[in-house]
Amino acid sequence: MSEPDLSLRSHRWFQVPGLRTFGHRSRAKQMGYDDIDLDGRPVIALINTWSDINPCHAHFKDRVTDLKRGVLEAGGLPLEIPAIALAENFQKPTTMLYRNLLALETEELLRSYPIDGAVLMGGCDKTTPGLLMGALSIDLPSIFFPAGPMLKGCWRGNVLGSGSDSWKYWDELRAGGIDECEWSQIEAGIARSVGHCMTMGTASTMTAVAEAMGMTLPGASSIPAALSHHNRMAVATGRRIVSLVEEGLRIREIVGAEAIHNATVAALSLGGSTNAAIHLVALARRAGVEFGLDDIGRLADTVPVLSNIRPAGTYLMEDYFDAGGLPAQLRLLGNHLELEARTVSGGSLGEDIAAAEVVAPDIIRDPGNPVDKGPALAVLRGNLCPDGALIKPTTVSRRLRRHSGPALVFDGYEDMKARIDDPGLDVDEDTVLVLRGVGPIGGPGMPEWGMIPIPQRLVEQGVRDMVRISDARMSGTSYGACVLHVAPESAVGGPLSKLRTGDLVSLDIDARTLAAEVDAEEWALRESIEAPRRRGEERGYLRLFLDHVEQADKGCDFDFLQGVNATEPAIC
């Protein structure tokens, strides 16, 4: 008997003579596959995060057919494999709690099955980093296929953007500017098609990150989900993954230091979500790249905001696509990018964007006429956040860029909800609202509670922004003077746990500082008090998460999952 061909990973399942191969092939034939399917075709996993409760991915049920067509046209065997959906709108307390579960699931699916290459189907906020993190750790040829943004919303002729206008009109309802009937009409008009948020929230930011780091075909992240362009991109992606397998081009040959740099520049130039910082750090650590908050802060000081997209700008992703999309914007940023970085297209980033052009210069601005000179993100340090905290200066009211005021401290989300609208609350527009106990451990999972609502009494007086501080995150569609990701968090004894109501807190965005103005001796006394320990009654995945999650400045990944682990299963 001749030696089996083991040039493909899947051949170990289907080509080695013996009882195990008989079992693998006979069970494949049970599903209707034939010898022509099993003899030599690259096996492509389509990791599909579709589910009936994920509106961002509702079209993936159909779009996977286009991906399969592309794989078949290129001579591969497509296998759709479902993965956890992470539906941002519905999953509690937060999908961030489960990002690492998707990463772990993706890694193990690709490791344990006869897979030669993978298409990663995601878009809703945590699915993009989760899929990429898992794929990086198993290191097979992989390509990302973005879900795409939904079409514009509309109410009475007013263009609506998901998330951003939710917060805006919620405040109008609370202030009496609109009534319940109008609120219901906005509810029905703000999300009118399949796809993820069409503002520059976390979803749009992270799919752009995937493209800028070379993990999608050029232009893929900008295409609205409902357009036929999206179907065609799916077919092209299916074809390309087969070529990637044949070329032996693995994901870690694409995602290295240059790719992380390019992805960060893209996120900053988009005025993207603060959540990108956590995910970029986690991705870098999976790829074995030294990269942290200080690197993000350094780049932020040099990269202008060019995307005129809400919440930092005016337009929405549908307009952005028509204006030229991400390739056109990246071309304007050429001197900030590592243009020789490889991409899944088979060429370099520079080659991918060489022919792109901006056709609507008010939507994608020239560096000489930016939406904002930046920084899109500022990394803060001080006695409240020795390991860092983030703020999005482009959405902060100018009067609050440098501010001092007395703290009003809430111990957890329930405490905040119970008291924030109390008419007797001692608060004014200069008060600094502080929400603690809502970080990676305290949340658990670091929910998007950082856009603390303005107290009802102040909303009615016309106040629309205040300094707010938390160890939580906030939606990428949110805005305002919100200091986020305070590290270390209060639940592990971080300095935020020492703050008391009435303490003077000072924020200076230009100086990149956040501090409690408390006497040094008094502060040292507070720091000597041991942090309360968690009860330890958790079980299952939550227990795993709490035992192993790292802090925000390290990407909130599990401490045992950094780097690559290409251990192969025994075929027995």
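Two strands count as a pair here if DSSP finds at least two bridges between them. Keep that in mind for the first stop. And one caution: this is a predicted model.

So, the hairpin. Strand 13, residues 504-508, and strand 14, residues 513-516, pair in the antiparallel sense. They do so over four bridges. Together, strand 13 and strand 14 form a hairpin, with four residues between them. Look at the turn. Arg512 sits there with a positive phi of about 60 degrees. For one bridge, take Val505: its partner in strand 14 is Ala516.

Next, a sheet. Strands of a sheet pair through backbone hydrogen bonds, either parallel or antiparallel. Here four strands form an open sheet, and the pairing is parallel. The order is 2-1-3-4. Which strands are at the edges? Strand 2, residues 77-82, and strand 4, residues 142-146, each pairing on one side only. Neighbouring strands of this sheet are turned by 20 degrees against each other on average, ignoring direction.

Zoom in on strand 1, residues 43-48. Strand 1 pairs with strand 2 in the parallel sense, over six bridges. Val43 stands opposite Leu77 of strand 2. Now add a helix. Helix 10, residues 228-247, lies across strand 1, strand 3 (117-122) and strand 4. Against strand 4, helix 10 runs at about 175 degrees.

A word on annotation. UniProt, in an unreviewed entry, places the feature "domain: Dihydroxy-acid/6-phosphogluconate dehydratase N-terminal" at residues 41-351. In the model, that span is 47% helix and 9% strand. The end C-alpha atoms of residues 41-351 lie 30 Å apart.

On to helix 11, residues 257-269. Is helix 11 largely enclosed or open? Of its 13 residues, 11 are buried, so helix 11 is largely enclosed by the rest of the structure. The buried ones include Ala259, His261, Asn262, Val265 and Leu268. What do the buried residues pack against? Five helices are on the list: helix 9 (202-212), helix 12 (275-286), helix 13 (293-300), helix 15 (325-332) and helix 16 (349-353).

Does the length of helix 11 add up? At 1.5 Å a residue, its 13 residues should span 18 Å. The end C-alpha atoms are 18 Å apart, which agrees. Just after helix 11, Gly271 takes a positive phi of about 65 degrees.

Last topic: aromatic rings. A pair of aromatic rings is described by the distance of the centres and the angle of the planes. The count comes to nine aromatic pairs. One of them is Trp170 with Trp183, a tilted pair. Their centres are 5.6 Å apart, with 45 degrees between the planes. Trp170 lies in helix 7 (residues 164-175) and Trp183 in helix 8 (residues 180-189), so the pair ties together parts that are 13 residues apart in sequence. Trp170 is partly exposed, at a relative accessible area of 41%.

Another tilted pair is Tyr541 with Phe545: 6.3 Å centre to centre, 55 degrees between the planes. Both lie in helix 20, residues 540-548. Tyr541 and Phe545 are four residues apart, about one turn of the helix. Buried means under 20% relative accessible area. At 17%, Tyr541 therefore counts as buried. At 2%, so does Phe545. Finally, Tyr541 and Phe545 join Tyr98, Phe558 and Phe560 in one aromatic cluster.

Definitions and conventions. Residues are numbered from 1 along each chain as its sequence is written. This is a predicted model: local features need pLDDT of at least 70, side-chain atom pairs count only at pLDDT 80 or more; totals for chains, interfaces and linings use all residues. Side-chain values use heavy atoms; hydrogens and water are left out. Helices (H or I, at least four residues) and strands (E, at least two) are DSSP runs, numbered from the N terminus. The expected span of a helix is 1.5 Å times one less than its number of residues. Buried means under 20% relative accessible area, exposed over 50%, partly exposed in between (1.4 Å probe, protein chains only). Contact means heavy atoms within 4.5 Å. Axes are lines fitted to C-alpha atoms, for helices over the stretch in contact, and angles run from 0 to 180 degrees between N-to-C directions. Rings of Phe, Tyr and Trp (its six-membered ring) pair if their centres lie within 6.5 Å; planes under 30 degrees apart count as stacked, over 60 as edge-to-face and the rest as tilted. UniProt positions are given in the numbering used here, feature names are shortened, and annotations may be inferred rather than shown by experiment.
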